[in-house]
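Subject: Structure for you to look at

Hello,

Here is the structure I promised to pass on. Please open it first, then read my notes below.

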Amino acid sequence: MRAVIVAAAVAFIVSLFGTPIGIKVFTALKAGQPIRAVGPASHQGKKGTPTMGGVVFIIATVIAYVAGHLALTTLPEAQIAQQRPTVTGLVLLGLMVFAGAVGFLDDFLKVRKRNSLGLSARGKLIGQMLVGAVFGVIALYFPSTNGQTVGSTTISFIRDISWLDVGKVASVIIFIAVVMATTNAVNLTDGLDGLATGASVMVLGAYALIAFWQYRHWCGDLNYPAEYCYAVRDPLEVALIAGAAAGACVGFLWWNTSPARIFMGDTGALGLGGLIGGMAMSTRTMLLLPIIGGLFVIITMSVVIQIISFKTTGKRVFRMSPLQHHFELAGWSEVNIVVRFWIIAGIGVAIGLGLFYSEFLTVHG
C-alpha cells in the first residue's frame, strides 16, 4: 500500500505543479484548441485555450511509476518479483503513452491546420488498432516464469470465466477491441471542462482498489488458499499504475476544471482510454468495465443512437451528441452538467466495486 500511496502522491504533485508549466509552453507554441463552428455557441469563448495537456499527466504517471518502484524496495525478499518493473507495467504504461501519442498527432494536426479536423477518423482508428495489437500480443504471448500472462485467453467478468476460453488469437482481437472502445469512449466524454478528467479519476481509483485487493488475495502468495485467490499477474504493479494515473489526473483537474486553463486534448483522452482498457484486461474484469465506466458507456451510446436514428429515419433523438451537449442546448450550465455526470460516474463505480466485493464474499461462503 505504501508504494501505491507514494506513486499517487508523486503523480499528484508533479501534475499539479507541472500543468502551469505546460500551460505556458503550449501557449507559447500557440497550441490553442480549435473549436467547431457547429458546436454549442458557449464553446466559442474557449477558443485558443491551450490543449495537449494530457502530456503533463502522462509524464507525471511515468515519473510516479519510477517513484513507486523505489518505495517497493522495502518489500521482503519473498516478494522481490514485485520490486522490479514488469511486463504488466510495460503493457499498461505502453498503452497510455502510445495511445496518447496517437492523440498527440491528432492534436498537433488540429493546431497546425488551425481547425478541428486533425487526424482522419480512419487514421485515428488505425493508430488505436496498432497500439492495441502490439500490446495485446505482449499481454498474451509473454508469460511470467509461472506461466501467467498479463491478458487472458478467457472472457472475464470479475474473474476468468473458464468455459469461455477463446484462444490467444481471438483474445488479442478482443484486447484490440477493448482498447479501441475505451479510447474512443473517453475521447467522446471529453467535451466539457473537467468532465472526462473527473470521471477517469473515479474509474482509475476503482481499479487501484480492485488491483490492490487482488494483491492481498493473490495466487502468487503461496500462503493464501488456492481456491480463493485471484489468478492475475502483478496485481501490485497494476494498483501502483492506477493510483499514479488517478493522482496525476487529480493534479491536472485543478487547472482543467471550469473555466479550464488547459484541455487534455486527444493526447490525454486516448492515453487514459488506453490505460483503462488495459486495466480491465489485466485485472480480469473485462465485462465489469462497462459498469465501472458506466458514464463512458452512456455517452458513447448517445452518439451511436444519434447516428443510427439520423441515418434510418432522418431524425435526431438528441439536440446534439455526445449527450453532454444535448443538455447544454437544453439550457443546463456547464458546471451543473459536469457535476451531475460525475455523480453518474460515481454510481457506476460504486455498483462495480459492490459487485466485485460481493463475488469475493460469495466465493468465501
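The accessible surface of the protein comes to about 15900 Å². Carbon and sulfur atoms account for 70% of that surface. Please keep in mind that this is a predicted model.

Charges next. The protein carries 24 positive and 15 negative charges. The mean positions of the two sets lie 13 Å apart.

Now the overall build. There are 12 helices and two strands. From the N terminus, the order is α-α-α-α-β-β-α-α-α-α-α-α-α-α. The radius of gyration is 20 Å, close to the 21 Å that the globule rule gives for 365 residues, so the protein is as compact as a globular protein of that length. Along the principal axes, the C-alpha atoms fill a box of roughly 60 × 50 × 35 Å. Of the 365 residues, 55% count as buried. I also looked at contacts between residues at least 6 apart in sequence: 76% of these join residues at least 24 apart.

One helix to look at is α7, residues 235–256. Its 22 residues reach 30 Å from the first C-alpha to the last. The expected value, at 1.5 Å a residue, is 32 Å, and the helix comes close to it. α7 is mostly covered, with 20 of its 22 residues buried.

Just upstream, look at the loop between α6 and α7, where D234 is found. Phi of D234 is near 55 degrees, a positive value in a residue other than glycine. D234 has a relative accessible area of 8%; the cut-off for buried is under 20%, so D234 counts as buried.

R284 also has a positive phi, of about 60 degrees, although it is not a glycine. R284 is found in the loop between α8 and α9 (289–292). Its relative accessible area is 2%, so R284 is buried.

There are two cis peptide bonds to check. One runs from S258 to P259, with omega near -5 degrees. P259 is found in the loop between α7 and α8 (265–282). Another runs from S321 to P322, with omega near 0 degrees. P322 is found in the loop between α10 (294–313) and α11 (323–329).

Two helix residues round this off. Is Q214, in helix α6 (residues 195–216), buried or exposed? At 1% relative accessibility, Q214 counts as buried. Leaving out residues up to four places away in sequence, Q214 touches Y230, V232, P235, T283 and F356. Of these, P235 falls within the residue range of α7.

F104 lies in helix α3 (residues 87–113). It is partly exposed, at 34% relative accessible area. Which residues does F104 touch, not counting those up to four places away in sequence? They are M52, V55 and T267. T267 falls within the range given for α8 (265–282). The C-alpha atoms of F104 and G54 are separated by 8.5 Å. Along the chain, F104 and G54 are 50 residues apart.

For a quick tour, I would view the two cis bonds, S258 to P259 and S321 to P322. Then go to the positive phi values at D234 and R284. End with the contacts of Q214 and F104.

Best wishes

Technical notes. Residues numbered from 1 in each chain as written. Predicted model: local features only at pLDDT ≥ 70, side-chain atom pairs only at ≥ 80, totals over all residues. Heavy atoms only, no water. Helix = DSSP H or I, 4+ residues; strand = E, 2+ residues; numbered from the N terminus. Rg over C-alpha atoms; globule rule 2.2 N^0.38 Å. Buried < 20%, exposed > 50% of the residue type's maximum accessible area, 1.4 Å probe, protein only. Contact = heavy atoms within 4.5 Å. Areas by Shrake-Rupley, 256 points an atom, 1.4 Å probe, with all protein chains shown as cover. Lys, Arg positive; Asp, Glu negative; His and termini not counted. Charge placed at Lys NZ, Arg CZ, Asp CG, Glu CD. Expected span 1.5 Å × (residues − 1).
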